[in-house]
Amino acid sequence: MEPDKFNNLLVLAKTNNPAFLLLFSELYPDFINTLKILDPKVRSSELEFCAMAFLNFSTKNIASYTFVSTRAVQIRKNRLRKKFAIPSEIDFNGWMRERLKYVHSNLSVNHKHLTVQV
């Protein structure tokens with residue numbers, strides 16, 4: 001990944017720029033696709049929120065960047081926990097980062113499986 005694109009992504013997130021999700025989708029397409037598989041009706045605002053969690057922004061940072069209260073961010077996290085069946089004892093941001101690792105390991109397994117069949 002190009003450092004300039006990643007730095008630009010952070011600037012877009014911190015300024016609540018609508019282009020944030022577009023660039024994030026370009027840089028992490030597997031993450032977005034995984035969330036869409038888990039819930040095909042996931043809204044773009046929820047994807048944006050999950051992307052910020054994936055980038056490990058704190059509740060306070062997300063609140064600041066999106067111009068909402070920290071309580072609103074906590075409520076949204078709880079709703080997304082329910083939507084994606086994330087247990088309360090699991091770190092929300094960590095769970096989001098694990099989705100990308102899961103996709104890559106799953107692709108490796110599928111690729112190895114396909115190689116064996118050929």
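This is a short walk through one predicted model, from the overall fold to a few single residues.

Start with the overall picture. The protein has 118 residues, and 37% of them count as buried. Its secondary structure comes to seven helices and zero strands. From the N terminus on, the order reads α-α-α-α-α-α-α. Now the contacts. Take those with a separation of 6 or more: residues 24 or more positions apart account for 54% of them. On the outside, the protein exposes about 7500 Å². Carbon and sulfur atoms supply 56% of that area.

A word on confidence. The mean pLDDT is 87, and 85% of the residues reach 70 or more. The exception to keep in mind is residues 107-118, where the pLDDT is below 50. Beyond near neighbours in sequence, that stretch has one contact in the model. Where pLDDT is low, the predicted coordinates should not be read in detail.

Next, the core. The largest nonpolar core holds 34 residues. Which of them touch the most other members? They are Phe20, Phe24, Phe31, Phe84 and Met96. Every helix from helix 1 to helix 7 supplies at least two residues of this core. That includes helix 5, at 59-66, and helix 7, at 92-117. Helix 4 gives the most, with seven residues.

So much for the list; look at helix 4 itself. This helix covers residues 44-54, and nine of its eleven residues are buried. Among them are Leu47, Phe49, Cys50, Met52 and Phe54. Two glutamates, Glu46 and Glu48, are also on the buried list. Just after the helix comes asparagine 56, with a positive phi near 70 degrees.

Now a single residue in the interior. Find leucine 35, in helix 3, residues 29-38. Is leucine 35 buried or exposed? Its relative accessibility is 0%, so leucine 35 counts as buried. What is leucine 35 in contact with, leaving aside neighbours within four places in sequence? The partners are Val42, Leu47, Cys50, Phe84, Trp95, Met96 and Arg99. Take the last of those. Arginine 99 is 64 residues away along the chain, yet the two C-alpha atoms are separated by 8.1 Å.

Turn to phenylalanine 84, one of the core residues I just named. Not counting residues up to four places away in sequence, phenylalanine 84 touches Leu35, Leu38, Asp39, Val42, Cys50, Trp95 and Met96. Val42, Cys50, Trp95 and Met96 are also on the contact list of leucine 35.

One step back along helix 3 sits threonine 34. With a relative accessible area of 10%, threonine 34 is buried. A polar atom of its side chain lies 2.8 Å from the backbone oxygen of aspartate 30.

Last topic: charge pairs. The structure holds four salt bridges. One joins glutamate 26 and lysine 5, with the closest N and O atoms 2.3 Å apart. Glutamate 26 lies in helix 2, residues 19-27, and lysine 5 in helix 1, residues 3-14, so the pair ties together parts that are 21 residues apart in sequence. Both ends are partly exposed: glutamate 26 has a relative accessible area of 46%, and lysine 5 is at 27%.

Then move to lysine 83. Aspartate 39 forms a salt bridge with lysine 83, and the closest N and O atoms are 3.1 Å apart. Aspartate 39 sits in the loop between helix 3 and helix 4, while lysine 83 is in helix 6, residues 70-84. The two are 44 residues apart. How covered are they? Aspartate 39 is buried, at 14% relative accessible area. Lysine 83 is partly exposed, at 32%.

Lysine 83 has another acidic partner, glutamate 46, with the closest N and O atoms 2.9 Å apart. This pair links helix 4 and helix 6, across 37 residues of chain. Glutamate 46 counts as buried because its relative accessibility is 7%, and the cut-off for buried is under 20%. Which residues end up in one network through shared partners? Asp39, Arg43, Glu46 and Lys83 do.

To close, two places to look at on screen. One is the set of contacts around leucine 35. The other is the salt-bridge network that includes Lys83.

Technical notes: Residues are numbered from 1 along each chain as its sequence is written. This is a predicted model: local features need pLDDT of at least 70, side-chain atom pairs count only at pLDDT 80 or more; totals for chains, interfaces and linings use all residues. Side-chain values use heavy atoms; hydrogens and water are left out. Helices (H or I, at least four residues) and strands (E, at least two) are DSSP runs, numbered from the N terminus. Buried means under 20% relative accessible area, exposed over 50%, partly exposed in between (1.4 Å probe, protein chains only). Contact means heavy atoms within 4.5 Å. A polar contact is a pair of N or O atoms within 3.5 Å; within protein, one must be able to donate a hydrogen and the other to accept it, and residues adjacent in sequence count only if both atoms are side-chain atoms. Accessible areas come from the Shrake-Rupley method with a 1.4 Å probe; for residues, only the protein chains shown count as cover. pLDDT is the predictor's confidence in each residue, from 0 to 100. A salt bridge is a side-chain nitrogen of Lys or Arg within 4 Å of a carboxyl oxygen of Asp or Glu. A nonpolar core is a set of buried Ala, Val, Leu, Ile, Met, Phe, Trp, Tyr and Cys residues joined through side-chain atoms within 4.5 Å.
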